[in-house]
Structure formats: structure tokens, C-alpha cells
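Please open the structure in your viewer and keep the selection panel at hand. The stops below say what to select next and what is there.

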Amino acid sequence: MAAKGGLKMRIAIIHPDLGIGGAERLIVDAAVELASHGHDVHVFTSHHDKNRCFEETLAGTFPVTVYGDFLPRHIFYRLHAVCAYLRCIFVTLCMLFMWPSFDVILADQISVVVPLLKLKRSTKVVFYCHFPDLLLAKHTTILRRLYRKPIDLIEESTTGMADLILVNSKFTASTFANTFKHLNAQGIRPAVLYPAVNVDQFDEPHSSNSYIYNHLRLGFLSINRFERKKNIGLAISAFAKLGTLEGGILQDYNAADVSLIIAGGFDKRLRENVEYLEELRNLAEREGVSDQVTFITSCSTLERNALLSQCLAVLYTPEDEHFGIVPLEAMAAYKPVIACNSGGPVETIKNGTTGFLCSPNPQEFSLAMAKLIQDPQMAARMGREARQHIIESFSTRIFGQNLNRFLVDVARTKRD
């Protein structure tokens, strides 16, 4: 197949762990869209569990090659960053020595591999920065600060070596400039490439026979990985507060008529996932809503879409989230989103039109939820507006066109 735009390229994508999450969703979408533009795409990663991955990675549209899965992810639950670096470096070295050269290599999340990739002078390197890692890491003790100092310096210096840097939102671009001050002083600016969602998948009919899906018809849905930074407890506390709002929103409904489902990525290998799930269950007990809150771990894409098709609205609780793919998926599924008024959601949700942007406290979230319960027609209208908004600005087609343009442009530029 001839490439759209006339330039067919060999493109490699390096991603640390091809599991289930927003970063992985972006990489899978990138591979699918670039292949649809006629390019030869190959994904390299250190982990790909065929029982816990996005279906597109198994479809044969592009090959996925795994190197270094035997290397540790941590050492006694410590040194996660060092282990991630070593795993990604191993993947990169295997790719460089065992595969022919590529026209463009897209490195995702971990920038330490960029100088290795630049050893091949004929290859252009694009780095996708979801968010500066040094801001996500803890620097709470002297020992942690000593450990992170060289890693943080490496992150900035290697990020700046890429031929093109992409970020996922204007919020991240601003944070990038404020964080990597040396790069900013050198005039190195990232370009914004918004992640996207495949809107077509939400046109498919879904079964509504199961109790869980029917239970959601006057309910809310939270989708996120079971990590503390996702602030999922806010959804539970806000849901519990519905019964204490003036007028008692829940008084007109049976307990089973209003519900909350907490669904998301869960990996039993990760201690935080296990601990946080238990914390959330305990919170639901303390708030007195455990009978109305259901937890679903690692649901499939089909199950997630069914949940989206049945809920009244989606709650998105992380603060200062650098982008957030869940609001896009919800809006593509004709559902309004209630989210925190910071970070990426400010750029993707039209407040009062496709959802509500709220201060990150249970009272404001609960008031927004109450509006939708009291006026389901408004919820449906906002859902229709949300769907159109995604088609026009955040579909995979738009994402693919923009990504293809970035990569074609960087491939055509001459090296200094």
C-alpha cells in the first residue's frame, strides 16, 4: 500500500511496558494510525502480556517484539526508575543490533534511550513526553533526592537530544518549559499532539442483560488505574454526599437505583494497586455506601464500553492530570464527564456543555452529579454535544493525520 502523502517510512516505536493504560492506548493508536497511512510500523517493548493488553496489539496490523522481560522491575520494591531505564536500554540495544535501520524512531516515556538511537545518523528520533518524570517521582527524603538527582539530570539532557519532542497537552507543554529550564533557555519547545479515541467502537451495541450494566442506569462510572494519584476516593466521597445534599437527592430513589462503579487497570504484581483497592473498599464502608459501590478490576475493552453505554455520567477524579484519556472515551460514548478543573481535562471538556469542571472536593462533585440525576434529559443533551466534540477534535483520524504530518516533516528535514 502506498503511503498517504507519498512518503512511506519504516517506523519503530519503543515503549517500556505494553500493558493497559492511557500511555499504552496512545502508543497503540499511533501504531494503528501510522500503519493505516502506509508506513511499516514495528513496536518494541520489554513486556507484552497477551492476556492483558489492547486487542489491536494481537491483530497483526503491526508486529510487537519483546526484549528484556526477564530484567527486574524493582529491587525489593525500590529503584523502580533505574530498573525501568535498564529494561528500556536493553530493548533499544536489541533493536539497534538485531533489526535494520528505521527512518524514524518514536521513543515513548523514557528519554534515556534517545542518545543511543541518535548513534544511527540516518534515523530521526521523536520523543513523546507524557509528563516530566522528575515531577512524578518522590523527592521527600535526603536519600531519595540523592538517588533522583542524576536521574533528573539525565532526563532533561537526553530529552533535549531528540529531533522532535511531542507532549500530550498545552498544560504539559507549559509544565515542560517550567521544569526543563535549560532546554527552554535553549529555545527547545515541544509540539502538542493530543491523544485520541476511536469513536467508532462506541457505535457498537452492547449487551444489557447483566445485573451490573442494568444497575448503572441511574449510576456513575469511574475508570482509572488503581493508583493513589488518581484520587478515586473523591468519587466515593462525592457519591456518599448525594444523600446529605439539601433536599436529599437519594430520597426519591431506592438504594439500588443509584450506583457507582469503580473500574480500571489492576495489576496484582504492583503492591500499590493491591493496597489502594483495599483502601477504597474500606472508604466505601466508612461512608456507608458499600452496597451501592461495585469494584471491577482490569475489565476488557468490550466490558468497559458496555459500562460506558449504560452509565449516566463518568467521574474523572485526578488533579492536575497531564491529559487523561478517560474523558475522551466517555464523551465519545455520549456521556458527560465530571472532572477536576485542572490539567488536561480543562482542554478537553467544555464546562457546562460536555460536562462539568469542578474543584476537587466531594461537595462540588456531588452537586454536579445531582444536576444530572435530577435532569436526565440534560445529561443526554450534554452527551450528544460531547460526542460531536470528540469527532471534531479528538478522533483517532485527527490524531493519525497530525502524527503522520509530524513524522513526515521530521524525516524530511536535513541533519545539521
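The tour visits a sheet, then a helix lying across it, then a pair of helices.

This is a predicted model, in which local features need pLDDT of at least 70 and side-chain atom pairs count only at pLDDT 80 or more, while totals for chains, interfaces and linings use all residues. Residues are numbered from 1 along each chain as its sequence is written, and side-chain values use heavy atoms, leaving out hydrogens and water.

Begin with the open sheet, whose six strands (DSSP runs of E, at least two residues, numbered from the N terminus) follow the order β10-β9-β8-β11-β12-β13 with parallel pairing; two strands pair if DSSP finds at least two bridges between them. Select 293–297 for β10 and 355–358 for β13, the edge strands, each of which pairs on one side only. From one strand to the next, the twist averages 20° (axes are lines fitted to C-alpha atoms, for helices over the stretch in contact, and angles run from 0 to 180 degrees between N-to-C directions).

Next select β12, residues 337–340, which four bridges join to the parallel β13; C340 has C358 as its bridge partner there.

Now select helix α11, residues 301–310 (helices are DSSP runs of H or I, at least four residues), which lies across β8, β9, β10 and β11 and runs at about 145° to β8.

Finally, select α1 (22–36) and α16 (396–412), whose axes come within 9 Å and cross at roughly 75°. This makes α1 roughly perpendicular to α16, a term for angles of 65 to 115 degrees. Where do they meet, that is, have heavy atoms within 4.5 Å? Among the residues of α1 are L26 and L34, and among those of α16 are F399 and L407.

Methods:
Contact means heavy atoms within 4.5 Å. Angles under 35 degrees count as roughly parallel, over 145 as roughly antiparallel, 65 to 115 as roughly perpendicular and the rest as oblique.
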